[in-house]
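Biologist: Could you walk me through this model before I go back to the bench? I'd like to start with the overall layout and then jump around a bit.

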Amino acid sequence: MSYCRECVVSVHDAHATCPLCGAPLKESGDLSALYPPVGAEVQRLRKQQRTTKGVSISFAGASALCVMLNLVIDSSTLWSLYIAGGLFAAWLFVFLPPHMPRPRTRYVLLLSTVVACAYLLLVSLVTHTPSWFLDWAFPFLLIGAVLVMFVFLLVQKAPLRKSYMPLVWLLLLCLIPLVAALIFRLPAEDAPPALWPTVLAAGCAVVGMMLGFVAARKWWLSELRRKFHI
C-alpha cells in the first residue's frame, strides 16, 4: 500500500498518483506506524483544546481589563482599542495557525491580510483619519499580500488548483479600495483621494485573475464540465 500525504489516505499500489488530488504517492510500509494510538491522539487534542481556551480567555480578559481602565481613568482617548486590537491580531497571527487542524500557508496569508487590514482600519477610525488607510495603507498592503502569494506559489511549486480560492479572495479584496474611494472619498470636495494606489491595487487584481485563469484554464474547464455535466 502507498500513502498520500496531501489527502492523508492509503492508496493501492496499482496507482502511481493519488486518484483524489493527483499528488505523487509515498511508500507507506507498515501502516500502523503512520497513525498514532487513538488514546494518545485524544490526549493531544484535549491538551490542545485546553491550551486554546486558556490563551483565548487570557487575551479576552486582558482586553476587557484595558477597556475598563480606559473608561474609568480617561475616556477621552480610546487607547484601549489599540491594545485590544493588537492582542486579537497577535492571537490570530501567532497562536491560531499552529493550532489549526491542517494549517495551509495560503489560507494563513489570507487570514493575516484580513486581520492586518482590520487593525489598521480600527486605528484610522480611532484617530479620525481614515484617508491614509483608504488611500495608501489598504491598497499597498493588499498588493504586497498578492505578491507574497504569487512568490509562495512559484517557490513551493504548489498546484494552482489548490491555491486558487484563497488567491481569488485576495484579489477580490484588492478591488475594495477603489470601490471605497469612488463611493466615500470622491464626493468629498475638500479632500480628494490619491487614486493611483487604489487603481494600482485594482489593476493587480485584474491581472492576477487573468494570469490565474490562463494558468489553470484546463482545471477551470474540467470543473465547469463536472459541475454542469457538460
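Modeller: Read along the sequence, the chain runs β-β-β-α-α-α-α-α-α-α-α, which amounts to three strands and eight helices. Please keep in mind that this is a predicted model.

Biologist: How much of the chain is buried?

Modeller: Of the 230 residues in the chain, 29% are buried. The accessible surface of the chain comes to about 14600 Å², and 72% of that surface belongs to carbon and sulfur atoms.

Biologist: And what share of the contacts join residues at least 24 apart?

Modeller: If you take the contacts between residues at least 6 apart in sequence, 59% of them join residues at least 24 apart.

Biologist: Okay, the inside. Which residues touch the most other members of the largest nonpolar core?

Modeller: Those are V146, M149, L170 and C174, in a core that has 21 residues. Helices α3 (105–126), α4 (130–156), α5 (160–173) and α7 (195–215) each supply at least two residues of this core, and α4 gives the most, with ten residues.

Biologist: What does M149 touch?

Modeller: Not counting residues up to four places away in sequence, M149 touches R106, L109, P166, L167 and L170.

Biologist: And what lies apart from that core?

Modeller: Another core lies apart from it, made of six residues, and among them are C4, V11, A23 and L25.

Biologist: Let's go to helix α7. Is T198 buried or exposed?

Modeller: T198, which has its place in helix α7, counts as buried because its relative accessibility is 0%. Leaving out residues up to four places away in sequence, T198 touches L134, P139, P177, L178 and A181.

Biologist: What about A202, buried or exposed?

Modeller: A202 also lies in helix α7, and at 8% relative accessibility A202 counts as buried. Once its neighbours within four places in sequence are left aside, A202 is in contact with C174, L175 and L178. The C-alpha atoms of A202 and L171 are separated by 8.2 Å, with the two residues 31 apart along the chain.

Biologist: Where is W136, and how far is its C-alpha atom from that of P197?

Modeller: W136 lies in helix α4 and counts as partly exposed, at 38% relative accessibility. The C-alpha atoms of W136 and P197 are separated by 6.4 Å, although the two residues are 61 apart along the chain.

Biologist: Switching to cysteines, how many disulfides does a search of the whole structure find?

Modeller: The search finds zero disulfides.

Biologist: Why is there no bond from C204 to C174?

Modeller: The sulfur of C204 is 5.2 Å from the closest cysteine sulfur, which is in C174, and that is too far for a bond, because the two sulfur atoms of a disulfide have to be within 2.5 Å. C204 is itself buried, with a relative accessible area of 18%.

Biologist: And C117, what is its closest cysteine sulfur?

Modeller: For C117 the closest cysteine sulfur is again in C174, at 9.0 Å, so that pair is too far for a bond as well. C117 counts as buried, with a relative accessible area of 8%.

Biologist: Now the outside. Which residues make the nonpolar surface patch?

Modeller: The patch covers about 950 Å² and is made by Y107, M165, W169, L172, L175, V179, L182, I183, V206 and M210. Helices α5, α6 (176–185) and α7 each supply at least two residues of the patch. Y107, for its part, is found in helix α3, and with 40% relative accessibility Y107 counts as partly exposed.

Biologist: One last thing, H128. Where does H128 lie?

Modeller: H128 lies in the loop between α3 and α4, and its phi is positive, about 60°, although H128 is not a glycine.

Biologist: Is H128 buried or exposed?

Modeller: H128 is exposed, since its relative accessible area is 68%, and the cut-off for calling a residue exposed is over 50%.

Methods
Residues numbered from 1 in each chain as written. Predicted model: local features only at pLDDT ≥ 70, side-chain atom pairs only at ≥ 80, totals over all residues. Heavy atoms only, no water. Helix = DSSP H or I, 4+ residues; strand = E, 2+ residues; numbered from the N terminus. Buried < 20%, exposed > 50% of the residue type's maximum accessible area, 1.4 Å probe, protein only. Contact = heavy atoms within 4.5 Å. Areas by Shrake-Rupley, 256 points an atom, 1.4 Å probe, with all protein chains shown as cover. Core = buried A, V, L, I, M, F, W, Y, C linked by side-chain atoms within 4.5 Å. Patch = residues over 30% accessible without salt bridge, like charges linked within 9 Å, V, L, I, M, F, W, Y side chains within 5 Å. Salt bridge = Lys/Arg side-chain N within 4 Å of Asp/Glu carboxyl O.
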